[in-house]
Amino acid sequence: MTDLDTLRDQVRTWLDAEAPRDWRAAASHEAFVASQRHWFGKLVAAGYANPHWPAEWPGGGRSLAEQKVIYEELARADAPRLLLSFVSTFHAFATLHECGSADQKARYLHRILEGETWCQGFSEPGAGSDLAAVKTRAERRGDVYVVNGQKIWSTMAQYADRCLLLVRTSSDGVKQAGLTFLLMDMKAPGVTVRPIHQIQGDEEFAEIFLDNVEVPVTERVGDEGAGWAVAQATLASERGLTLMELAYRMRGAMRRLCDLVRANGRGNDAGVLRDLGRLGAQVDAVCALADRFLENRMNGRERLGDASIVKNAYSRALRAWSELGLRLGAMAAQYRDAISFGDLNSGNWMADFMNSYAWTIAGGSEEVQRNIIAERVLDMPREPKGWML
Amino acid sequence: VSLDRDELQDSARKAFGEDGLVPDAAQSWARLVEMGWFMMTVPEDLGGLGMGPEAVGVIHTELGRALVPGSAIAQMVAIEALAGHGDWLERAMAGEPVTVSLCHALDADRAGYSVQVAPGRVTLEPIATATQRDTWDQTRRLFDITTSGDGIVLAEGAEADALADRLRAVLLIALAADSLGAADAILAMTIEYLKVRRQFDRPLALFQALKHRVADLKVALTAAEALFWSCCTPAARLVDLGALKAHATSAALRVAEEAIQLHGGIGLTAEHPCHLFLKRILLNRALGDDSDYWEEAAGRALLDASSRA
C-alpha cells in the first residue's frame with residue numbers, strides 16, 4: 001500500500017464514523033450555518049480542514065496529491081461541503097500567508113482554525129468582472145482609514161467576523177495602482193450587511209454597506225496602492241481542488257437522476273436513457289478533466305488558462321445535470337419544496353437548476369473565462385484597452 | 001514495456017506530421033510497419049511490445065491529425081483477433097493487410113483475408129469478392145465483400161463473444177482517438193486562419209464573438225480528451241468505451257462543423273481540407289455502432305449500476 005492509500009483508508013474510516021448524514025435537513029440558513037461550524041470544528045480536530053497549510057500548523061503540510069485524496073473522500077462520503085470556512089481557510093489564509101505582516105499572521109491565522117469566519121469584500125455594483133474598477137474609498141486619517149462604499153456578492157458575509165476588503169485609496173494613474181487591501185472587523189461601527197435573496201430561495205451572498213468605517217492602518221496588507229497584487233494572491237489561493245470535489249459530487253449525484261427515472265417509470269424510455277447516458281459521459285469527462293488539471297499542477301505542467309477550461313466545463317455540465325432533472329421531474333418539479341442549503345446537487349431540481357447559474361457567473365463569469373481561454377490558451381489577440389463611442 | 005506517452009506521441013507526430021495532410025497511403029503503411037506499431041499491443045510472449053490501449057490512443061490520434069489514409073484501424077482490430085494464432089499473427093504484425101467486418105472491410109482489395117465477427121463465432125476467411133463503395137470520406141475506402149467460408153475459426157460460443165467485445169473495444173478507442181486528433185488539427189487550423197484573415201481592418205481573431213466560439217470548442221475538446229485518456233485502460237468496460245466514442249465524435253464533429261463556418265467561403269471549397277476532417281469524423285461517428293446506440297446503452301448501464309448499489 002502506498003502512503004496515499006494509507007491516508008485514504010484513514011480518511012475513509014474517519015468519515016464513515018464521523019460524517020454527518022443529516023446535513024441537508026437543516027430547516028433554516030441559521031441551522032445550516034450552525035451545522036457548518038460544528039462540522040468544521042470536527043475536521044480541524046481530525047486534521048483534515050487545512051491540508052494545504054504549511055507543516056507548522058496542525059493538519060497542514062499535505063502534498064497536493066494528499067489534499068486530493070482528502071477531497072475525493074469528502075465527496076465520496078457525501079460529507080457537507082465546507083462553505084462557511086472556505087474564504088477563511090483558503091482566501092484569508094493565502095492572503096495572510098503570502099502578504100501579511102508577522103503581526104497579522106500571529107493575530108489571525110490561529111483564529112481561523114478556531115472557527116473565525118471571513119468574507120471577501122471585492123466585488124461592487126460597478127465592479128464585477130472588471131474588478132479593478134473598485135470605487136469604495138478609504139481615506140487615511142491619522143492611524144486609521146475611513147472607508148465609505150458598498151460591496152456585493154460577498155459569500156456568507158452575514159455570518160462573517162472579518163472581511164478581506166479591497167478599497168480605493170487613489171484615483172491617479174491606472175486603476176489597478178490606486179487599490180489597497182485591508183482587513184476589516186465586520187462588527188465595526190458603520191458596517192451594515194444585507195443578505196441577497198437568490199432566485200432559488202437561498203441567501204448565500206450578501207451586500208456590505210460601509211459608512212465611515214474606521215479600519216486601523218495596522219490592518220493594511222502590503223503597502224498602500226499594492227492592493228491589486230495582494231488581491232491576486234487571494235484569488236490564486238484555490239485552483240482545482242474545489243472543482244474536482246464538485247465534479248466528483250456531481251458524478252455521485254447521477255444517482256439522483258437514476259432514481260428519478262425509475263420513480264417515473266421511464267427506465268425503458270430510449271430517449272431518456274440516451275440523455276442519461278450522454279450526460280453521464282459529459283460528467284465523467286469533467287471529472288477526468290479536473291483530475292488531469294491537478295495532475296498537471298503536481299507535475300508543474302499547468303498552463304495559464306487551464307483552470308478556466310475546467311471551470312467552464314464544470315459549470316456547463318452542472319447546468320445540464322440540473323436541467324435534465326428539471327425536465328424529467330416535469331410537473332412535480334414545479335411545486336416548491338424546502339431547499340437544502342449548501343448543496344448544488346440536492347435533487348430539488350428547480351432549486352438546483354437556478355443555483356447552477358452561480359457557477360457560470362460567480363468566480364469569474366463564463367464569458368470572462370472564454371476571453372482567458374482565447375487569449376491565454378489559444379494565443380488570440382487581447383481585447384483592445386481603449387474604447388471609443 | 002513501459003510507455004511514455006509523450007515520447008510515443010513525439011515519434012508518431014514526426015512520422016506523420018511532416019508530409020502534410022492525407023499523406024500517401026502506401027508510404028504511410030510502410031512507415032507504420034517499419035516503426036513496429038502493429039506490434040505494440042501484442043503481448044511480449046507473442047512477439048509484440050506488450051503496450052496497452054494508451055499506445056493505440058496515441059497512434060490513432062496522430063493518424064487522425066494528419067488524415068492518414070488506409071486501414072490501420074482494421075489492422076489493429078485484426079491483430080487483436082489473431083493473437084495466439086501463430087503465423088497469422090506474425091504476418092499481420094509484419095504488415096500483411098487483414099481487414100475486419102466490423103470496419104466495413106476497410107481496404108479489402110489489399111487484404112487476402114477478413115476477420116468476420118458474428119454472434120458466437122469469429123472467423124478468419126479468405127475474401128472472394130471485394131467491391132469498393134463510393135464513400136463521402138475520401139481518406140478511407142470501404143468495401144462490400146463476400147468470403148469463401150473455408151477460413152479458420154478464431155473463437156466460438158462465449159469465447160467468440162468475449163473476443164468480439166475485445167475487438168469492439170479496440171475499434172472504439174481507435175475511432176475516438178482518430179476523431180480527437182482530427183478535431184485538434186482542424187481547431188488549430190481554424191484559429192490560425194482567424195488570426196491571419198483580416199476584415200474590417202482587423203484580424204477576425206479580434207472579434208469577441210468568434211473568440212468565444214473557439215474557446216467553447218477548446219473546452220469541449222479538452223474535456224473529451226481527458227475522458228479519452230481516463231478510459232484508455234485495459235479494465236475499461238465496453239459500454240464506457242462506446243459512450244466515450246459517442247462523446248468524442250460529438251465533440252469532434254462540433255469542432256469540424258464550426259471550422260467550416262469560421263473559415264467562411266473557403267471552407268466550402270473542395271480544395272480546402274476543412275471538409276475532409278468533417279467527413280472523416282462523420283464516418284467515425286457511424287462506424288462501430290452509432291451514438292444513439294451507445295448513449296442508450298450507457299444510460300441503461302448507469303441505471304442498472306445505481307439500482308444495484
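Q: What makes A:Trp228 count as partly exposed in this predicted model?
A: Its relative accessible area is 26%. Buried means under 20% and exposed means over 50%, with partly exposed in between. The value of 26% falls in that middle range, so A:Trp228 is called partly exposed.

Q: Where is A:Trp228 found, and which residues does A:Trp228 touch?
A: Look in helix α6 of chain A, residues 227-235. Leaving out residues up to four places away in sequence, A:Trp228 touches A:Leu131, A:Ala132, A:Gln176 and A:Leu179. As for A:Val167, the C-alpha atoms of A:Trp228 and A:Val167 are 9.7 Å apart in space, while 61 residues separate the two in sequence.

Q: Why is the pair B:Glu296 and A:Arg274 called a salt bridge?
A: The cut-off asks for a side-chain nitrogen of Lys or Arg within 4 Å of a carboxyl oxygen of Asp or Glu. Here the closest N and O atoms are 3.4 Å apart, so the Arg and Glu pair passes. Across the interface of chain B and chain A, the rule finds seven salt bridges. Polar contacts between these two chains come to 16 residue pairs.

Q: Which elements of chain B give two or more residues to the side that touches chain A?
A: They are α6 (157-196), α7 (208-231), α8 (238-263) and α10 (291-308) of chain B. The largest share, 15 residues, comes from α7(B). By type, this side of chain B divides into 16 nonpolar, eight polar and ten charged residues.

Q: How many residues does each chain bring to the contact, and how much area do they bury?
A: Chain B brings 34 residues and chain A brings 38. Between them the chains bury about 3,200 Å², with 66% of it on carbon and sulfur atoms. On the chain B side, B:Lys211, B:Glu295 and B:Leu303 supply 18% of the buried area, more than any other three residues.

Q: What is in the largest nonpolar core?
A: That core has 171 residues, and those with the most contacts inside it are A:Tyr314 and B:Val115. The element giving the most to this core is α6(B), with 21 residues. Beyond its neighbours within four places in sequence, B:Val115 is in contact with residues including B:Ala78, B:Val98, B:Leu124, B:Leu154 and B:Leu167. There is also a second, separate core of 23 residues, among them A:Val134, A:Leu164, A:Leu166 and A:Leu179.

Technical notes. Residues are numbered from 1 along each chain as its sequence is written. Chains are lettered from A and ligands numbered from 1 in the order in which they are written. This is a predicted model: local features need pLDDT of at least 70, side-chain atom pairs count only at pLDDT 80 or more; totals for chains, interfaces and linings use all residues. Side-chain values use heavy atoms; hydrogens and water are left out. Contact means heavy atoms within 4.5 Å. Buried area is the accessible area (1.4 Å probe) that two parts lose on being put together, summed over both. A polar contact is a pair of N or O atoms within 3.5 Å; within protein, one must be able to donate a hydrogen and the other to accept it, and residues adjacent in sequence count only if both atoms are side-chain atoms. Helices (H or I, at least four residues) and strands (E, at least two) are DSSP runs, numbered from the N terminus. Ala, Val, Leu, Ile, Met, Phe, Trp, Tyr, Cys and Pro count as nonpolar, Asp, Glu, Lys and Arg as charged, and the others, Gly among them, as polar. A nonpolar core is a set of buried Ala, Val, Leu, Ile, Met, Phe, Trp, Tyr and Cys residues joined through side-chain atoms within 4.5 Å. Buried means under 20% relative accessible area, exposed over 50%, partly exposed in between (1.4 Å probe, protein chains only).
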